[in-house]
Amino acid sequence: MDRHGYELPLLLAGAFRRIIDELHRRLAEQGHPDLRPAHGFALQAVGRDGTTVSELGRRLGVSKQAATKTAAKLTDLRYVTRTPDPADARAVLLTLTPHGRAALTLSARIFDDLHTEWKQSLGATRLSALEDDLTKLTPSSTPTPLADLPGWFH
């Protein structure tokens, strides 16, 4: 079946949306009802070692003001703590709380479950071929090609 060129990005976006929506539905069922897709990107950007608000903005591709707002929301939701950076008194250090680490661990498990479900739906060979093809189309110069996705959409 021949498709129009504009359909490919829509299909890719639809598949992405389906995975992320299902992830967040399951996260909500398992104790994280307020976690939103943008928060997930931010938690990944904070990482297990923590980061400053300024670096969070760079990692997400957003302004420092937007990173500050995201950090405040994640603090309110108990996913991160904000403390003065011991290396720079002007900077604010963000670190994951146990609740934040639990959300990332649970997200990884749910992503594994979703991968298994897609493998059952598409077949192992087709899913592997799809992943290989998408890897070929993803710029290798970017170690985490979607890290700045929130900023890219703005």
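**Salt bridges, sheet and helix packing in the predicted model**

Arg-26 and Glu-117 are joined by a salt bridge in which the closest N and O atoms are 2.8 Å apart. Arg-26 belongs to helix α1 (residues 7–29) and Glu-117 to helix α5 (residues 98–122), so the pair ties together parts of the chain that are 91 residues apart in sequence. The two partners were assessed for accessibility in this predicted model. Arg-26 has a relative accessibility of 13% and therefore counts as buried, the limit being under 20%. Glu-117, at 33% relative accessibility, counts as partly exposed.

A search of the whole structure finds 9 salt bridges. Side chains of opposite charge can pair when their charged atoms come close. Within helix α3, Glu-55 forms a salt bridge with Arg-59, with 3.2 Å between the closest N and O atoms. These two residues are 4 positions apart in α3, and so about one helical turn separates Glu-55 from Arg-59. Glu-55 is partly exposed, its relative accessible area being 24%, and Arg-59 is likewise partly exposed, with a value of 34%. A further salt bridge links the side chains of Asp-88 and Arg-90, at an N to O distance of 3.2 Å. Here Asp-88 is partly exposed, with a relative accessible area of 25%, whereas Arg-90 counts as exposed at 74% relative accessibility. Through salt bridges that share partners, Glu-22, Arg-25, Arg-26, Glu-29 and Glu-117 are joined into one network.

The β-structure was examined next. An open sheet of 3 strands is present, with the order β1-β3-β2 and antiparallel pairing. Strands β1 (51–52) and β2 form the edges, each pairing on one side only. Strand β2 is joined to strand β3 (residues 88–96) by 6 bridges, and the two strands run antiparallel. One residue pair in this register is Val-80 with Leu-96, the latter being the bridge partner in β3. Helix α2 (residues 37–46) packs on the sheet and touches β1, β2 and β3. The direction of α2 makes about 115° with that of β3.

Two packed helices are described by the angle between their axes and the distance between the axes. For helix α3 (residues 53–60) and helix α4 (residues 64–76), the axes come within 8 Å and cross at roughly 110°. This crossing angle lies in the range of 65 to 115 degrees, and α3 and α4 are therefore roughly perpendicular to each other. On the α3 side, the contact is made by Val-53, Ser-54, Leu-56 and Gly-57, and on the α4 side by Lys-64, Ala-67, Thr-68 and Ala-71. By class, the contact of α3 with α4 comprises 4 nonpolar, 3 polar and 1 charged residues.

The backbone at Arg-78 was also considered. Most residues other than glycine have a negative phi, and most peptide bonds are trans. Arg-78, a residue other than glycine, has a positive phi, near 70°. Arg-78 is found in the loop between α4 and β2 (80–85). With 54% relative accessibility, Arg-78 counts as exposed, because the limit for that class is over 50%.

How values were computed. Residues numbered from 1 in each chain as written. Predicted model: local features only at pLDDT ≥ 70, side-chain atom pairs only at ≥ 80, totals over all residues. Heavy atoms only, no water. Axes fitted to C-alpha atoms, helices over the stretch in contact; angles between N-to-C directions. Parallel < 35°, antiparallel > 145°, perpendicular 65-115°, else oblique. Contact = heavy atoms within 4.5 Å. Nonpolar A, V, L, I, M, F, W, Y, C, P; charged D, E, K, R; others polar. Buried < 20%, exposed > 50% of the residue type's maximum accessible area, 1.4 Å probe, protein only. Salt bridge = Lys/Arg side-chain N within 4 Å of Asp/Glu carboxyl O. Pairing = 2+ DSSP bridges.
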